[in-house]
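Here is a short briefing on one protein model with a ligand. Look over the fold first, then work through the points below.

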Amino acid sequence: MRSLVSKYLARHAYRTARIKGSTPVATYRQPRHRLSSSSSSSSFHDLFNPTQEHAQLRAMLRDFVQNEVEPQAMEFNRTETFNLPLMKQLGDLGLLGLTVPEEYGGSGMMGDATSVVMVHEELSASDPAFCLSYLAHSLLLTHNLSTNGSETQKLAYLPRACSGEIIGGMAMSEPGAGTDVLGMTTKAVVLQHQDAMNHQNSWTLSGRKMWITNGTIDNGQTTGDLFLVYARTGPERQDLTAFLVEKDMPGFELGQQIKDKLGMRASPTAELVLDNVSVPPQNVVGEINGATLCMMRNLEVERLGLAAMALGIARRSINVMKEYASQRQAFGSDLYKFGQVQQMITTSYAEYMAGRCYVYALANRLDLETYGNGLDADGTKLYCAQMAKTVADRSIQVLGGYGYVGDYAVERLWRDAKLLEIGGGTNESHHKNMARDLKAMPHEIE
Ligand SMILES: Cc1cc2nc3c(=O)[nH]c(=O)nc-3n(C[C@H](O)[C@H](O)[C@H](O)COP(=O)(O)OP(=O)(O)OC[C@H]3O[C@@H](n4cnc5c(N)ncnc54)[C@H](O)[C@@H]3O)c2cc1C
């Protein structure tokens with residue numbers, strides 16, 4: 001992680017010189033600025049920044065977000081435009097391949113869920129839509145491939161995915177199958193002829209994938225660069241296989257860019273069409289009919305990332321309402337003096353801290369390389385998504401008419417928060433999974 005922070009300091013010497021003066025990297029101190037939480041209690045310090053390196057990573061992220069992400073957020077969301085150059089900057093910083101081993105171009109923080117949570121929390125405090133595209137590329141494609149891919153696949157794709165040379169995502173959902181993901185109908189069948197090089201069977205993929213983040217990254221002209229696509233390869237519901245599908249494969253087309261979304265408008269969403277796409281055997285990820293497990297593993301990581309995004313939304317919303325209530329005058333005093341306003345701010349803070357503790361407690365003990373943390377991955381997202389939407393809603397309420405328009409960002413955060421109750425699993429799917437897991441628990445809840 002030290003090299004990641006050093007890279008940033010080297011690239012941004014003009015600014016970091018101002019922030020850190022002559023302080024060496026090892027003692028780099030967190031700058032204070034508007035998006036930061038005031039970080040109240042040192043007793044929580046270890047949970048949220050368990051090592052000095054984590055604290056440095058957070059400081060770097062806050063600086064980057066303040067200077068690079070925040071200035072573009074309103075405009076790119078208003079115009080529903082994906083900021084590809086900014087995404088590539090995350091590659092330069094080593095954030096696109098955060099959990100990927102260094103030999104494949106990553107930053108080598110393989111099992112470190114806490115760092116993953118931090119990046120999503122900090123990016124989302126400014127621009128949740130940009131963060132959603134980051135999540136789709138870095139966790140759903142890159143981390144997924146790093147965990148489940150072969151050596152050849154990792155060498156072929158990960159360096160470019162980590163640098164940002166190629167940007168893509170993961171295609172699981174379909175027009176007719178979302179929550180019921182094992183009901184997908186996209187099929188992969190074995191081609192009769194043999195692949196010339198490997199003397200193995202090639203595959204042909206047919207079907208449609210819906211709601212795919214980064215499905216297009218050039219404003220609806222073409223597809224994104226690379227996707228991990230799940231397809232049916234056997235008669236049983238769980239007979240799914242994962243394939244790497246590349247932009248220029250014949251028959252792989254952009255169906256439509258899905259415009260006019262409620263929120264997450266700077267994150268491109270698309271329908272992707274697979275019309276007899278021929279995929280070579282070396283692009284099969286993992287075992288044939290064995291992709292359900294890698295899908296479920298990756299969903300755990302995704303849910304933690306989405307829960308962290310909710311934290312960013314909530315923190316920003318609380319900061320906005322706190323600051324606004326302190327300044328806005330009504331009935332001869334500032335709004336902060338009114339008990340009902342205090343209730344909205346304080347309840348929001350308590351709920352945010354509860355969610356934050358849940359997310360970091362899980363992240364601190366989670367090894368991203370392992371599987372079996374579904375109950376709390378679902379639980380953190382279930383709680384934090386609803387918490388973030390409620391907190392953003394209260395923030396709009398405290399700001400009155402000013403909260404209802406774009407200038408203070410909270411109406412955008414409220415719209416973005418709604419996606420967290422749907423994407424990566426709906427609230428209802430979390431209820432269903434958690435009820436199953438709690439019932440199967442062999443002991444009492446500790
Ligand atoms: C902006 C955005 C980005 C996305 N990005 C991606 C992506 O990158 N890759 C990808 O593969 N997918 C992506 N998705 C798809 C997302 O994962 C699905 O939308 C989600 O899983 C819900 O599926 P659905 O929309 O088909 O709704 P449905 O599954 O049809 O659900 C509709 C409603 O029925 C409820 N419901 C369904 N089954 C049950 C049940 N058994 N019990 C109770 N209630 C039930 C649901 O909870 C929901 O309220 C994205 C979606 C959006 C909106």
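Where is the place of Asp127? Asp127 sits in the loop between α6 (113-124) and α7 (128-148). The model is a predicted one. Its protein chain has 13 helices and 10 strands. Buried residues account for 50% of the 446 residues in the protein chain.

**Asp127, a loop residue**
- Asp127 is buried, because 29 other C-beta atoms lie within 10 Å and 20 or more are enough for that class.
- Outside its neighbours up to four places away in sequence, Asp127 touches Val69, Ala73 and Ala266.
- Asp127 and Ala73 are 54 residues apart along the chain, yet their C-alpha atoms are separated by 5.6 Å.

**Contacts across the chain**
- Take the contacts in the protein chain between residues at least 6 apart in sequence: 75% of them join residues at least 24 apart.
- Ala171 and Phe243 give a pair of positions 72 residues apart in sequence, with C-alpha atoms 9.8 Å apart in space.

**The ligand shell**
- The ligand is surrounded by 23 residues.
- The closest are Met172, Gly178, Thr179, Thr426 and Glu428.
- Three elements each supply at least two residues of the shell: β1 (169-171), β3 (201-213) and α13 (427-440).
- Domain 2 (169-289) and domain 3 (292-440) each contribute at least three residues to the shell.
- By class, the shell holds 9 nonpolar, 11 polar and 3 charged residues.

**Strand β1 and the loop that follows**
- Ala171 lies in strand β1.
- Is Ala171 buried or exposed? Ala171 is buried, since 33 other C-beta atoms lie within 10 Å of its own.
- Beyond its neighbours within four places in sequence, Ala171 is in contact with Lys209, Ile212, Phe227, Val229, Tyr230 and Leu272.
- Pro175 is found in the loop between β1 and β2 (187-194).
- Pro175 counts as partly exposed, because it has 13 other C-beta atoms within 10 Å, and a residue is exposed at 12 or fewer.
- Pro175 touches Arg208 and Met210, leaving out residues up to four places away in sequence.
- The C-alpha atoms of Pro175 and Thr185 are separated by 9.8 Å, with their positions 10 residues apart along the chain.

**The nonpolar core and helix α9**
- The largest nonpolar core has 122 residues.
- Inside this core, the residues with the most contacts are Leu205, Tyr230, Phe243, Ala310 and Ala388.
- Which helix gives the largest share of this core? Helix α9 (residues 291-327) does, with 19 residues.
- α9 has 37 residues, and 29 of them are buried, so the helix is mostly covered.
- From its first C-alpha to its last, α9 reaches 54 Å, close to the 54 Å expected at 1.5 Å a residue.
- Ala310, one of the residues with the most contacts inside the core, touches Gly355, Cys384, Ala385, Met387, Ala388, Ala417 and Leu420, not counting residues up to four places away in sequence.
- Ala388 thus appears among the contacts of Ala310 and in the list of residues with the most contacts inside the core.
- Tyr230 is likewise in that list, and Tyr230 is one of the contacts of Ala171.

**Positive phi values**
- Most residues other than glycine have a negative phi.
- Glu80 has a positive phi, near 55°, and is not a glycine.
- The place of Glu80 is in the loop between α4 (52-78) and α5 (84-92).
- Glu80 is partly exposed, because its count of C-beta neighbours inside 10 Å is 19, and 20 or more would make it buried.
- Trp211 also has a positive phi, of about 65°, without being a glycine.
- Trp211 is found in strand β3, one of the elements that supply at least two residues of the ligand shell.
- Why does Trp211 count as partly exposed? Trp211 has 19 C-beta neighbours inside 10 Å, so it falls short of the 20 needed for buried.

Conventions: Residues are numbered from 1 along each chain as its sequence is written. This is a predicted model: local features need pLDDT of at least 70, side-chain atom pairs count only at pLDDT 80 or more; totals for chains, interfaces and linings use all residues. A residue is near a molecule or strand if its C-beta atom, placed from the backbone, lies within 6 Å of it. Helices (H or I, at least four residues) and strands (E, at least two) are DSSP runs, numbered from the N terminus. Ala, Val, Leu, Ile, Met, Phe, Trp, Tyr, Cys and Pro count as nonpolar, Asp, Glu, Lys and Arg as charged, and the others, Gly among them, as polar. Domain bounds come from an automatic or database domain assignment. Two residues are in contact if their C-beta atoms, placed from the backbone, lie within 7 Å. A nonpolar core is a set of buried Ala, Val, Leu, Ile, Met, Phe, Trp, Tyr and Cys residues joined through C-beta atoms within 7 Å. The expected span of a helix is 1.5 Å times one less than its number of residues.
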